[in-house]
Amino acid sequence: MTELRVVFLKDLRRLRWLLALWLGATVAQVVVQSVRADLELIGGAPQVVIDTVGTLLAFVVILMPVLLVSRLVHDEPLVNADAFWLTRPIRPTMLMVTKLAFGAVWLVVVPAVAEAIAVAWVTRDSATALGTIGPSVVLQALWVASLVAIATLTPSTMRFLMSLIGVVAGLILVLGVIVSLLATSFGFGPESIPDTMLQDRTGDILQSVLIVIVAAALIASQYRTRRLWRSISLGAVILVLGSAIVAVWPWRFAKPAEPDPGPWAHDTTRVAAALDPVVKPYVIDAAYDRPGRTTAGRKWIAAPIELTGIPRNYVVQMGVRARLAFADGALDGVQRVSLPVSRPGMRALHDYWAPIRAALEPSVPLRGRIDSAEQWPVVLAVSAEDLARRGTEPGRLTVEATALLSETRVSGSMPLAEGATAGSAPRFVIRRVFVRPDGCSVLIRRIGIAVDNVPFQRYQFVLRNAGRAQFALGDPVSLGARSMPLLQGWVVQGSSNGAFADMVFNYPSRGIPRSEGDETDIDADWLRGADVAVVETSYRGRVSRSLTVDGFVMKR
Amino acid sequence: MDTVLSASHLTCRYGRTEAVTDLSFDVAPGTVFALLGPNGAGKTTTIRTVMNILRPSGGAATVFGVDSRQLAARELATIGYVSENQALPLWMTVDDLLAYCKPFYPSWDDALAARLVAEFDLPRGRKLGRLSRGMRIKAALVSSLAYRPRLLVLDEPFGGLDPVVRDDLVHGVLELAGQEQWTVLISSHDLDEVERLADTIGFMDGGRLVLCERFADLHARFRRVEATTADDSAAQSVSTVAAGWLGVQRAGRVVRFIETRYVEGDTERRATAACHADRVEVFPMTLREMFVALVRARRDADRETDKKVPR
């Protein structure tokens with residue numbers, strides 16, 4: 001224990017300023033993230049400054065662990081015959097334990113706690129702050145373990161950095177080769193219909209465990225034997241075997257249970273697949289195809305297939321497996337593409353905005369022309385020759401349609417005033433309201449950890465005047481647009497694991513034109529009675545239906 | 001225990017290069033063993049193998065009876081190691097270094113450390129990175145002597161130091177080693193300091209131990225001989241080179257060579273006979289002269305071998 005204490009304190013003494021700088025940057029990043037959106041609304045010099053500071057902090061927070069791990073490991077290097085510690089009575093196993101303990105405490109737990117404290121200060125929400133610790137610890141532990149493993153294979157910081165660059169380049173190369181091989185051998189792309197919108201994290205968890213095992217094996221091997229190539233070989237063997245096991249792992253323990261949309265979804269008399277026989281199918285050049293197969297000459301055939309009986313406030317994403325049989329052959333395929341089609345007298349088939357309108361009834365959109373297109377599923381992808389040969393020939397179309405259903409509903413509302421809140425997990429807070437003569441801008445903060453196992457969720461914020469039974473959609477403002485392109489997402493998302501996020505919306509949306517004769521718009525009087533409705537869209541499950549159409553003609 | 005350190009058929013390879021080949025030697029307790037040899041002879045590799053920094057490819061070395069591959073904290077707590085190449089923690093001050101090392105050694109002697117720091121005139125509060133090379137070596141020595149190691153291993157510790165610093169260190173190490181009856185293994189290019197320190201000399205060349213002998217014996221059997229003949233032709237006619245004569249040179253009437261098997265009276269007789277000499281003078285040799293003679297002789301022998309090997 002004396003060795004552990006002595007080496008631990010020595011490392012702490014050596015790294016104290018770097019650690020302080022890193023922890024400071026971690027906390028500062030959270031703080032900058034919390035004020036960034038406010039300055040975004042003000043604009044000008046402060047915004048440029050905060051964007052620049054945010055970018056720099058992001059760099060520091062990402063790169064500082066690399067330097068810290070290098071300093072930590074290379075003070076007693078394992079790949080250097082001139083290392084001071086090698087001839088001192090320091091047990092390698094104890095040295096390894098000390099370094100790992102130091103990394104766990106100062107590079108994993110303490111930053112996570114510091115970040116949680118900063119999040120608590122920013123959000124005034126201790127539950128959310130505590131919720132950041134777990135994900136932070138896991139992600140940071142994976143990062144630090146990987147860095148420590150690579151550091152044990154290198155004698156100095158410079159070699160370490162070069163190795164990191166090499167590892168990243170190698171991974172990109174290997175992934176590129178694997179993806180290319182898979183693409184040319186098996187093909188993938190629009191052929192597969194997604195089974196669900198739920199995320200199965202089993203693969204991610206297994207890969208994380210594999211990273212930890214490989215890192216642990218490298219670290220243990222290096223500290224015990226200091227035989228570089230033996231350690232690298234051991235790590236490579238474990239990585240290859242582990243990857244093979246992960247690839248064929250049968251037990252999907254982290255796959256969430258598929259939700260049931262409700263009894264109505266099982267009722268085949270209520271929910272059925274239907275094709276409008278009057279409307280002509282839509283033919284378009286294929287936008288993409290299986291990798292390795294050119295789209296030149298390929299055509300998509302989209303048809304107005306819909307599932308009837310689905311409540312109007314549901315978003316439907318449809319994939320179809322279709323077969324068009326002729327007397328002397330057949331065309332078939334699996335597609336999950338849908339196309340926006342605009343036509344006179346359309347019924348807003350699978351219209352993106354229709355569920356929102358339904359959810360907000362009896363309010364109507366302030367600007368009318370938001371139902372500008374229908375979404376038709378592509379049923380077949382055929383060659384131009386097939387289309388020319390078979391295009392006008394009637395055939396029997398057999399379709400198996402699978403629809404992923406997401407319910408849209410108003411989950412809460414906030415008066416249009418600073419400090420108004422809605423919801424609990426996540427909680428939404430209106431932080432700023434800027435009223436303009438022709439509308440307003442609203443800064444909304446989401447507070448709460450995004451939980452992976454919660455079925456797919458999306459929130460939209462609609463400005464509503466319930467008294468007038470009107471609502472307006474807004475345009476989201478892209479935050480952090482002035483930061484470096486590479487870091488824009490990172491800077492806005494921040495490192496607090498999504499504990500909070502700021503969003504700015506300009507109302508009314510400029511992207512939605514007024515209807516003809518629609519003179520109504522937002523003014524101060526309209527805003528006085530307005531609130532912000534939180535419209536939640538959540539995945540509710542899937543339904544599948546079959547449809548057979550005789551006499552289907554691709555090209556009429 | 002008869003030996004503190006022992007190497008038996010020790011071999012060490014770097015890839016395909018054999019840095020040390022079939023090396024065997026023993027270091028007796030309380031003696032100073034000096035490994036000498038030109039650059040690339042394998043001295044540092046030998047020491048690193050003995051210290052378990054490198055693994056032997058063949059053979060074995062033992063320290064205090066423990067296989068070098070099994071050297072653990074218990075043994076290392078009684079071994080002092082200083083190398084010119086050693087990477088010291090340069091961010092530490094001298095005091096930091098000593099304070100850091102102290103808890104690892106049960107036998108650490110604060111008084112001895114303080115005495116050595118004072119003797120070596122080390123600035124206690126200055127970072128090692130800001131010290132001169134000589135000062136750093138002194139600091140490393142203090143950190144390796146303060147726990148009174150039973151074995152002191154010095155790998156080229158004084159290379160490149162100015163004479164005053166070197167003298168300080170040699171004096172300090174000599175004095176302590178003598179007082180404490182330490183066993184010392186030293187590799188060095190500095191033949192003068194080795195001459196003062198060493199009880200036994202191991203001469204390495206090309207990864208092999210060419211010679212391993214007590215310094216007193218070596219000193220007794222090596223002589224520089226100058227035989228003067230009556231005329232130039234007599235000197236040129238010397239054809240018989242006796243066994244043990246190295247580097248035979250002729251200059252005018254004088255024939256010079258190194259006698260490696262000196263026996264008083266006998267060497268003079270053989271030189272007189274072989275060189276047809278009128279006068280034979282015999283001079284004692286310094287370690288430097290012996291070293292140079294051995295290296296030259298070995299290189300001449302290698303050249304001869306190369307000539308004979310068909311290509």
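These notes cover a few residues in a predicted model.

1. Start with A:V7. This residue lies in helix α1 of chain A, which spans residues 2-42. A:V7 has a relative accessibility of 1%. Buried means under 20%, so A:V7 counts as buried.

2. Next, look at what surrounds A:V7. Leaving aside residues up to four places away in sequence, A:V7 touches A:E76, A:L95, A:T98 and A:K99. A:V7 also touches B:Y100 and B:F104. The contact list therefore includes residues of chain A and of chain B.

3. One of these contacts deserves a check along the chain. A:V7 and A:L95 are 88 residues apart in chain A. Their C-alpha atoms are separated by 7.6 Å. A:L95 is among the residues that A:V7 touches.

4. Move to chain B and find B:T46. Its place is helix α1 of chain B, residues 43-50. The relative accessibility of B:T46 is 0%. With the limit for buried at under 20%, B:T46 counts as buried.

5. Which residues does B:T46 touch, not counting those up to four places away in sequence? They are B:L10, B:V20, B:L23, B:F25, B:L35 and B:M204.

6. Now turn to the surface. A:R16, B:R126, B:K127 and B:R130 form a positive patch there. Both chain A and chain B supply residues to this patch.

7. Take B:R126 from that patch. B:R126 sits in a loop of chain B, between α4 (110-119) and α5 (133-145). Is B:R126 buried, partly exposed or exposed? Its relative accessible area is 44%, so B:R126 is partly exposed.

Terms used
Residues are numbered from 1 along each chain as its sequence is written. Chains are lettered from A and ligands numbered from 1 in the order in which they are written. This is a predicted model: local features need pLDDT of at least 70, side-chain atom pairs count only at pLDDT 80 or more; totals for chains, interfaces and linings use all residues. Side-chain values use heavy atoms; hydrogens and water are left out. Patches are made of residues with over 30% relative accessible area and no salt bridge: like charges are joined within 9 Å, nonpolar side chains (Val, Leu, Ile, Met, Phe, Trp, Tyr) within 5 Å. Accessible areas come from the Shrake-Rupley method with a 1.4 Å probe; for residues, only the protein chains shown count as cover. A salt bridge is a side-chain nitrogen of Lys or Arg within 4 Å of a carboxyl oxygen of Asp or Glu. Lys and Arg count as positive and Asp and Glu as negative; His and the chain ends are not counted. The place of a charge is taken as NZ of Lys, CZ of Arg, CG of Asp or CD of Glu. Helices (H or I, at least four residues) and strands (E, at least two) are DSSP runs, numbered from the N terminus. Buried means under 20% relative accessible area, exposed over 50%, partly exposed in between (1.4 Å probe, protein chains only). Contact means heavy atoms within 4.5 Å.
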